[in-house]
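The following exercises introduce a structure step by step. Please study the sequence and the model, and attempt each task before reading its solution.

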Amino acid sequence: MAAKIIFLAAYVSVALAQYAAPAAFYKPAYSPAPVYAAYKPYAVAEPAYPPAPYNFEYAVNDYQTGDVKSQAEASDGKTVKGYYSLVEPDGTKRIVEYTADDYGFNAVVKKEGSPVAYAAPAYRSIAAAPVYRPIAATYKRAY
C-alpha cells in the first residue's frame, strides 16, 4: 500500500512540474551585481623629483659563447651621453655613440672590421636511419 502512495505522489509531482510556477512564488537564484562607487584618485600628488646625475658601465667577454659587448652611460641631470658596442655574427664590431638632451636623441653608428663569410656546415648523419618493418600478426581475430 505504501508503494502505491509513493507512485501516486510521483505521478502527481511529474504532472504538475510541466506548468510554470506562479510569479508570487518565484525568487531568482542569483543576486544582482553590487554597485560600487566611482574611482577616486589619491588626494596627495606624488612629489616631482629633480633629475639625478649618474654613471653606469658594464662589459661582457664570454670566450665560450663568443659574446663580446660593453656599454657605458653618464648623465649630468639634463643630458645623457653614452655608447655601446658589440661583436656581430659576421665578425664586425658595431659601436653606437648616443646623446639624449632637450633636442632629442642622436645616435652615431660605426662599424669596425670587415665581415667574414662563413660557409654553412655540411649535413652529416650521425647514425643510420632506423628500418621500419611491418609488425607480424601474432593473434587471430574471431568475428
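**Exercise 1.** Leaving aside its neighbours within four places in sequence, with which residues is S70 in contact? Determine also whether S70 is buried or exposed.

*Solution.* The model is a predicted one.
Step 1: Beyond its neighbours within four places in sequence, S70 touches Y58, A59, Y83, Y84 and S85.
Step 2: One of these residues, S85, is also linked to S70 by a polar contact of 2.9 Å between the two side chains.
Step 3: The relative accessible area of S70 is 16%. Buried means under 20%, so S70 counts as buried.
Step 4: In the chain, S70 belongs to strand β2, which covers residues 67-75.

**Exercise 2.** Establish how β2, β3 and β4 are paired, and describe the turns that link them.

*Solution.*
Step 1: Strand β3 comprises residues 80-87 and runs antiparallel to β2, with seven bridges between the two. Within this pairing, A74 has K81 of β3 as its bridge partner.
Step 2: The hairpin of β2 and β3 leaves four residues between the strands, and G77 there adopts a positive phi near 105°.
Step 3: Strand β4, residues 93-101, pairs with β3 in the antiparallel sense through eight bridges. Here L86 is matched with R94 of β4.
Step 4: Five residues lie between β3 and β4 in their hairpin, where G91 in the turn shows a positive phi of about 95°.

**Exercise 3.** Test whether the length of helix α1 agrees with its number of residues, and state how far α1 is covered.

*Solution.*
Step 1: Helix α1 runs over residues 2-17 and thus has 16 residues.
Step 2: At 1.5 Å a residue, the expected span is 22 Å; the end C-alpha atoms are 23 Å apart, so the two values agree.
Step 3: None of the 16 residues of α1 is buried, and the helix is hardly covered.
Step 4: An unreviewed UniProt entry lists residues 1-17 as "signal peptide". This span is 94% helix and 0% strand, and its end C-alpha atoms lie 25 Å apart.

**Exercise 4.** Summarise the chain as a whole: which pattern does it follow along the sequence, and what share of its residues counts as buried?

*Solution.*
Step 1: The chain contains one helix and five strands, in the order α-β-β-β-β-β.
Step 2: Of its 143 residues, 10% are buried.
Step 3: The accessible surface amounts to about 14000 Å², and carbon and sulfur atoms contribute 62% of it.
Step 4: Among contacts between residues at least 6 apart in sequence, 10% join residues at least 24 apart.

Key
Residues are numbered from 1 along each chain as its sequence is written. This is a predicted model: local features need pLDDT of at least 70, side-chain atom pairs count only at pLDDT 80 or more; totals for chains, interfaces and linings use all residues. Side-chain values use heavy atoms; hydrogens and water are left out. UniProt positions are given in the numbering used here, feature names are shortened, and annotations may be inferred rather than shown by experiment. The expected span of a helix is 1.5 Å times one less than its number of residues. Buried means under 20% relative accessible area, exposed over 50%, partly exposed in between (1.4 Å probe, protein chains only). A polar contact is a pair of N or O atoms within 3.5 Å; within protein, one must be able to donate a hydrogen and the other to accept it, and residues adjacent in sequence count only if both atoms are side-chain atoms. Contact means heavy atoms within 4.5 Å. Two strands pair if DSSP finds at least two bridges between them. Accessible areas come from the Shrake-Rupley method with a 1.4 Å probe; for residues, only the protein chains shown count as cover.
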